[in-house]
Amino acid sequence: MRIGELADLTGVSPRALRKYEDEGLLSSERAANGYRLYDARAAVRVRNIRHLLDAGLTLADVACFRTCLDGDLTTAPPSPEGLRIARERLAVIDRRIAAQATARDRLARALDAVAPPAAARP
């Protein structure tokens with residue numbers, strides 16, 4: 001199937017599919033006219049990539065799952081390596097959330113110091 005067909009089938013943009021290919025997560029053959037041609041298994045692979053990205057992993061994290069992207073990733077038991085990667089990514093996300101909460105609190109205090117909330121005004 002061509003890239004547009006794979007995009008329609010998976011709900012992933014052609015640009016994202018090309019990015020997955022650039023990252024070595026997806027492969028295609030080239031037709032004589034230069035068009036990318038994907039086999040039927042590519043849809044499963046793309047859905048698994050999206051599943052991992054939607055769970056909060058990065059493309060670099062997903063690359064560690066390269067060997068199992070063609071299977072049923074949503075029901076397979078996680079590997080120790082997969083769990084390690086997920087825990088590391090969760091720690092990164094937690095640190096970012098904490099940093100954002102700190103920045104939000106700082107901004108709220110600064111605003112309160114110069115202009116009390118509208119509800120507190122007479």
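Buried means under 20% relative accessible area, exposed means over 50%, and partly exposed is what lies in between. Keep that handy as you click through this predicted model.

**Stop one: the cysteines.** Select Cys-64. Its relative accessibility is 46%, so Cys-64 counts as partly exposed. Now add Cys-68, which at 33% is partly exposed too. Why is there no bond from Cys-64 to Cys-68? A disulfide needs the two sulfur atoms within 2.5 Å, and the sulfur of Cys-64 sits 10 Å from the one in Cys-68, its closest cysteine sulfur, which is too far for a bond. Looking from the other end, the closest cysteine sulfur to Cys-68 is the one in Cys-64. The structure's disulfide count is zero.

**Stop two: Asn-48.** Keep Cys-68 on screen and select helix H3, residues 42-54, where you'll find Asn-48. Is Asn-48 buried or exposed? With a relative accessible area of 5%, Asn-48 is buried. Show its contacts beyond four places away in sequence: Asn-48 touches Cys-68, along with Leu-69, Asp-70, Gly-71 and Leu-73.

**Stop three: H1 and H2.** Head over to helix H1 (residues 3-10) and helix H2 (residues 14-22). Two packed helices are described by the angle and the distance between their axes. Here the axes come within 9 Å and cross at roughly 105°, so H1 and H2 are roughly perpendicular to each other. Turn on side chains to see who meets whom: Ile-3, Leu-6 and Ala-7 from H1 contact Pro-14, Leu-17 and Arg-18 from H2. That contact is made of five nonpolar residues and one charged, with no polar ones.

Definitions and conventions:
Residues are numbered from 1 along each chain as its sequence is written. This is a predicted model: local features need pLDDT of at least 70, side-chain atom pairs count only at pLDDT 80 or more; totals for chains, interfaces and linings use all residues. Side-chain values use heavy atoms; hydrogens and water are left out. Buried means under 20% relative accessible area, exposed over 50%, partly exposed in between (1.4 Å probe, protein chains only). Helices (H or I, at least four residues) and strands (E, at least two) are DSSP runs, numbered from the N terminus. Contact means heavy atoms within 4.5 Å. Axes are lines fitted to C-alpha atoms, for helices over the stretch in contact, and angles run from 0 to 180 degrees between N-to-C directions. Angles under 35 degrees count as roughly parallel, over 145 as roughly antiparallel, 65 to 115 as roughly perpendicular and the rest as oblique. Ala, Val, Leu, Ile, Met, Phe, Trp, Tyr, Cys and Pro count as nonpolar, Asp, Glu, Lys and Arg as charged, and the others, Gly among them, as polar.
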